[in-house]
Amino acid sequence: MIKLKINDKNIQATEGESLLEASAKAGFMIPTMCHNGELEHFTSCMLCLVKEKTSGKLFPSCTARAMEGMDIITHDEEIAEARKVALELLLSEHAGDCEAPCRVSCPAFMDIPLMNRLNAAGQFDEALEVVMKDIALPGVLGRICPAPCEGACKRKPIDEAVSICLLKRAAADLHEKSPEFDKNQPNGKRVAIIGAGPAGLSAAFYLQLKGFQAVVHDKNTKAGGALMHAIPDEKLDKTVLAKEIEIIEKTGVEFKTGVEIDAEAFGKLREEFGAVVVATGDYSPHMDPWGLENNGRQVLVKKGSFLTNLDRVFAVGNVNRSVKLAIRSAAQGKEVATAIDQLFNEEPVTGESRMFNSTLGRLLPEEFGEYMKEGSKEKRQHPTGEKRAGYDRELAQKEAARCLHCDCRKPDSCKLRIFAGEYQASKKRFAYSERKPLKKIIQQNVLVYEPGKCIKCGICVRLTAKQKERFGLTFIGRGFDVEIGIPFGKNLEEAFEKTAKEVVEACPTGALAGF
Amino acid sequence: MQNTIEHIIQNHGTAKEAVIPILQAIQKEFNYLPEEALEMVCGFTEITPAEIVGVASFYSQFRFKPAGKHMVKVCVGTACHVKGADLVYDSLKRVLKLEGDNDTDPDGVFTLEKVSCLGCCSLAPAVQIDDVTYGHVTPGTSKNILVDFIERNNKGARKDKVVVDAGNLQGEVRIGLGSCCIASGSEEIRQAVEETVAKDALNIHIKHVGCVGMCHQVPLIEVVEPEKPTRLYAKVQPGDIRYILEKHFRPQGFFKKLKTSFEAMVETIQDDSRWEGIEKYSIDVREKHVAAFLGEQIPIATEFRGIINPSDMDEYLSRGGFSGLKKSLELSPGEIIEEVIRSGIRGRGGAGFPTGAKWKMVAQQNSSEKYLICNGDEGDPGAFMDRMLLESYPLRIVEGMLIAARAVGATLGYFYIRAEYPLAVLRVREALEVCREKGYLGKNILGSGFDFDIRIKEGAGAFVCGEETALIASMEGRRGFPVFRPPYPAESGLWGKPTLINNTETFSQIPWIMSQGADKFAIIGTEKSKGTKVFALAGKINRGGLIEVPMGITLRQIVEDIGGGVQNGKKLKAVQIGGPSGGCIPHFLADKPIDFESLDEAGAMMGSGGLVVLDETDCMVDIARYFLSFTQDESCGKCTFCRTGTRRMLDIMERLCEGKASEKDLEELETLAGWTKKGSLCGLGKTAPNPILSTLRFFREEYLAHVNGKCPTGKCKSLVEYSVGENCIGCTICAQQCPVDAIAFNPHQRHEIDTTLCTKCDICRQACPVEAISTG
C-alpha cells in the first residue's frame, strides 16, 4: 500500500494506481475526457492536471502514478485556470453547434430540430409534446410569431430557411391524440398570477406541471389577454387560442376572470399566496400604489429570475419590457415557473440555466454540401389552399425533412460541453484563425463522424485496434493538422465492422455519434 | 510491385517494429509511398492498416505523392533563416512555377521542399539538390543553381577512384569530408586531388578526415610533409589543387616530371598569378585568427579533429583509442559509474541530467535484458554537433557506448540517427563493422567475457523523437508520441525493459573521462557544469563552425575571440542559444559565463548547443515566430497545450508580424506561453514558448513596435515597402532582375518600384550596386 495525501487527506493507493483513480476513491472527482478505463491511457486532453504541492508542478493525473509520500492538490484556482485554458484551446478548434442556431435564437429555447425530425417522420403528436415543453401556446405562436429562429437557420444562405414557424403550427394543428405532459404530484403550494395573456398563461401551465396550484386573475371575462383582445381575427383565429387555453386549463389552472386588481387586492394576494406573478401586459399608473419598482413604463426585474423589488413577487411579459413580442412573453412565463420552484425549494433564485453552447458561426459556401447531406434537396414548401393556410401532413413532412440537423447528437453527454460549462470556458478566447473546413461523414442509420468536433484523444483509435477491426481508425498527420481518419480511404462501414456502437459510446464528444 | 514489396519484407521482417524501415525502403524504390504498396505490406506482415497509415503520416520523410526526378531542399535552419532562406524558397517557387500546395514543377523534374537544417550553417542560405549542395544562394541566383545542376547532371557519372601505392610515401593530404566540407565542394577537391595524384604519380596518402570544425573556411585541405609544419589551405578550388600539390611534392619519374612541368608552365603562363593565388588560401595554425579560433577550445569529444580518419581503427588505436574501454574492463561496473559521477558530466542533449546518476538508475534495475541507445536524433535547426561527431568520431562514440554498456549491464545497443544524416549512418555502419572485425563488438570483447553489439535505427523525420520516450516509440515502430514520465526509460524503456539513453556528445566524452580520469574532466568548467560543450556557431559571425569550449566560457569570448566578431562590422544584438527550446541572450548579458544554470536563469537553455549570432538588423519578433513555427510544425499533436497552444501562439505571432495584433493579444500571448510551458506533456511543448518568453523579456519594445504597425529592422515583409532612394544612378540592374516587372526600364533615371506589383523578394535591393534600394 502506498500512502499519500490528496487535498490534505491521507489516502492509501495500490501499486500502479493512477492519481485519478486514487482521487476518485477518496471522493475527489477530477475531470477528464481522454481517459477510458478499458483502454491504455493516452494523456491527451490535459483536463486532469493536478498539482504537486511542494514543487507546484502540474501533471496529468490520468497517467501519473500514486507514489509514496506525494502531496497532491486536485482543485484550486490555478488548476481551474489551467483546465479552463485547456478547454478554451480545444474549443478554439471545435467546429460545431451544441444547440442548433434556430433553437438558440428562439426566445423560448424550443427544441426546433427535434420537432422538425418528428414532423418529418409524421410523428405530429410527439412533435407537439416537444414544442409544448417550451411553448404553451404552439398553435397561436405558430400563427403570429415573427420567427426569429428562421433568421438563424443554417439552410437560409443555402436556399431558404426551413419554415419553422409553420411546422410548429403543423404540430399543433395536425396532432391526433391530446398531448401528454410529465406532471409532478401537486405540492399544495399556491401561486397567484395577475393577467391571462401569453405570459400569465404560460406561467400557469408550467407551474401546474411542476405541481403548483396556479390561480390566474384577469380583468376581462375571457382569458387570452392581448392575444384575445388586441390581435385581429384574420391574423389569429380565436378558436385556436380557445382550444389551447382549454389544454392549459385542463392541467388544473384556476381562472378568476373579470376581477380588477387594485393595491388592496394585490396586498391580499401577497398574503394569501406563496408567490405572485405580475403578468399584466402594460404597466399603468394605477399600479403605482402596489409598490413595484418601475421606470414609469415597465416594472424593473432581476435578469433571469424576474424577481421584483417586492418579496416573492415576480413580473413577466410585456410589463417588464419595452419591445413587445408574444413568444418572449410566453418564454418568460415558462422561465418564471422555474424561478418560483427554486424559491419554494429554498434554492438560489436564478431562473433557468442553460448549458454551455458552442456556436459554429456562418457556413462557408464550400461547406454547404456537407450540411446538405442531412437535409432533403427540396425547395421550401408553401402551404396550398386559402390565404394563411397551414401545411397538410404531406407538405409538413416534406418541409421538415429540409432541416439540416445542425444540433449536436450528444448534447447532454458531450464531456467537452459539460466541462466547458463547469469551468466557464469561452469558445471565443483563442479564436485567432479561421477554422478548418468542416466535414460530415455519414453512415446512414448507423453513425455520423464530424472531424471538426474531435478532440484527438484517440479513444476510438485504441478501441478499434483493441477489438481488432480490420481497418478501424487511425491518426493521420501530425500536430495541429492531425485528424482521425480511416486508413486507405475506406468508408465508415469498413472501418467499423463490429464496433460502431462501442465507439459512439466511447467518444467523449459529438464527433462520433449515433445517426 | 508485389515482388519488390516481398523482397523488402524479406529484408526487414514481418514484425510491427519493421514498419519504418519497410516504409523507407518502399519510398527509396518508388520515391513516394503508393497506397497499393502499403496495403500489400499489411497483407504480408503483422502491421495493420491503421498502424501503417498512422506511422507513415507521422514522419515528415514520407511522401504520399510522387516526387519529381530531383529533390530541391531549401534549408530553413536558423542560420539560413536569418540570411534570407524564405526569400530563396519563394524565388525557387516562382522559378519552378509552383502554385498552391503543389511542390513539383509541371514537367516533374524538380520537387521543392523545406528542410529544417542541412547542417551547413556556415554556407547559409543553403540549398541541396539531390546530393549537390549550393551555399550562399540568393533569390537572384536561385535560377542559376537549377541550371548548374542540370548541366552537372548531363555531364554524367564520376570517374573511378585511383589506387595509391602505400609504400614510400611522400606525405599526406588531408581532406575534410564532414557534411559541411562536402557541401562546400570537398568532394570535387577530393576528385581533383585523386586526379593529380594519378597524373603525377605522386606517392602520397590521401586521407579523409572528419569535420575540422572551421566550417567558415571550407573546403579545407591540409598538406603534411614529413619533418615539416603542416600547411592548411582554406576555401580552395578544384583547379588550384594541382598547384598546391606540386608545390609540396615532386612528381615521380623524370619523364613525367618533365611533362608536368611543361604543362604547368603553359598553364602558369596563362595565369601567372596562380602561385600567389594559392598562397592566399594558405593558413597557418600559428596565425593569429586561426590560433584564436582554436585557442579557447578544448577538444575532448572532438579530440584529434581534422587529423584522424573517421573509420580508421588502427589510427584511432594509435592515438589512444579504446584505452578508456580497456581501463573500464579492469574496473567493476560500480567503479565505472563512480568515475562518471565524479567527473560531474551532465547529459549533453539539453536538459543536463547528471549522466552518472542516470547510469546508476539503469544499473540498479534487475532485468536480464537492458538496452542502451545513443540519441543521434538531432533536429534543432541550427545545430549539427551530433552529426559532426557521428561522421567524424564514430569509433569514439562506440567506445563510449561500450563503457556505458559495461557499467549498466546493457545487453544490446542502438544508434538512433536522424534520417537527414545519411553520411553519419554510413560512417557509423563502417565503424561498427570494423569494431566487429577487430573484436570490439560481439562476443567476449577483448577477451573480457563481456558481450555487446550495436545496431542502427534510422529516424524518419520528427523533431519530437529527440525526446526519449518518443524516440522509443519510434524505434518500436509507432508514431513518435511521447509518454508521461515516470516511469523513466531507466525503469521501463525500449520494449518495456530498462534502457539507458544518452546523447551522442555525452557518449563521445566518456572515453576521455575514463582514460584521462574524472578529475581531469572535473577541473574544466564551472561548479555545477563540468567539462566541455560542443557548440555549432553560426549566423552573423565571421568565423562560424563547430567549437568545443569549456563550460563557463562567456558568449563574448565565443563571439569575439573564437568567432572573430559579428559579420560586416555590425553590432551584436543577441545570441540565440538552444534552438527552438532555448532563448535569446541579449548582448548586454554576453559576459555571463555559460553553463546549464546560467542559461536557465536567462530564460534560455543549453539545448543541444546551437549558437546563432544575431546582429542589429535581425528582428527579434521574427526570430521568435520562426522558432515557434518550427515547434508548432513539429508538435506531435498529442496533448492539448502543445497541439493547439503552440498554434494559437503562432496565430498571434503572425498577427504581430503583420502589424495586426493589439496589446491585448500580446498579453494573451504571454499568458498562453505560460500555460503551454506549464501544462504540456513533454519537453517539446514545455520549452516551445521559451523563444517567445525570452524575447518578450529582453526585447519587449520590439513587440510593442509591431503592435504599432512597425518592424524596426524591416524584416517583417508585411510591414515594409521597398523604395528607391535619391542616390539611384539609373543603371537598370534592378529593373532587369525584378522577376515581376515592378520596376520600369528607364535608363539614367531614378527608378521607381510599383509597390502593387512588388512581391518583396529582395532581389533588387541585393542587386543594386549603390545600395539605393531600402525597406521601410
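Okay, let's start with one leucine. B:Leu446 sits in a loop of chain B, the one between helix α20 (422–437) and strand β12 (454–458). Its phi is near 50°, which is a positive value in a residue other than glycine. And is B:Leu446 buried, exposed or something in between? It counts as partly exposed, because it has 14 C-beta neighbours inside 10 Å. One thing to keep in mind as I go: this is a predicted model.

Chain A has a similar story to tell. Phi of A:Arg388 is near 65°, again positive in a residue that isn't glycine. You'll find A:Arg388 in the loop between α14 (368–372) and α15 (393–400) of chain A. Here the neighbour count inside 10 Å is 11, so A:Arg388 counts as exposed. The cut-off for exposed is 12 or fewer, by the way.

Back to chain B, and to some prolines. Which peptide bond leading into B:Pro486 is cis? That's the one from B:Arg485, with omega near 0°. Then the bond from B:Pro486 on to B:Pro487 is cis as well, also with omega near 0°. If you want to look for them, B:Pro486 lies in the loop between α21 (468–475) and β13 (499–503), and B:Pro487 is found in the loop between α21 and β13 too.

Next, a hairpin. Strands β16 (residues 572–577) and β17 (residues 583–586) of chain B pair in the antiparallel sense, over four bridges. Put your finger on B:Ala574 and you'll see B:Pro586 of β17(B) standing opposite. Five residues lie between the two strands, and in this hairpin B:Gly578 takes a positive phi near 90°.

Now let's zoom out to the whole of chain B. How many helices and strands does chain B have? There are 33 helices and 20 strands. The chain is divided into domains, running from domain 1 (2–58) through to domain 6 (721–776). Among them is domain 4 (313–522). The C-alpha centres of domain 1 and domain 5 of chain B lie 39 Å apart.

What about overall size? Along its principal axes, the C-alpha trace of chain B spans about 85 × 80 × 60 Å. A compact globule with 776 residues would have a radius of gyration near 28 Å, and chain B has 27 Å, so the two agree. Of those 776 residues, 53% count as buried. And if you take the contacts in chain B with a separation of 6 or more, 73% of them are between residues 24 or more positions apart.

That's my tour, thanks!

Technical notes. Residues are numbered from 1 along each chain as its sequence is written. Chains are lettered from A and ligands numbered from 1 in the order in which they are written. This is a predicted model: local features need pLDDT of at least 70, side-chain atom pairs count only at pLDDT 80 or more; totals for chains, interfaces and linings use all residues. A residue is buried if 20 or more other C-beta atoms lie within 10 Å of its own, exposed if 12 or fewer, and partly exposed in between; C-beta atoms are placed from the backbone. Domain bounds come from an automatic or database domain assignment. Two strands pair if DSSP finds at least two bridges between them. The radius of gyration is taken over C-alpha atoms; the globule rule is 2.2 Å times the number of residues to the power 0.38. Two residues are in contact if their C-beta atoms, placed from the backbone, lie within 7 Å.
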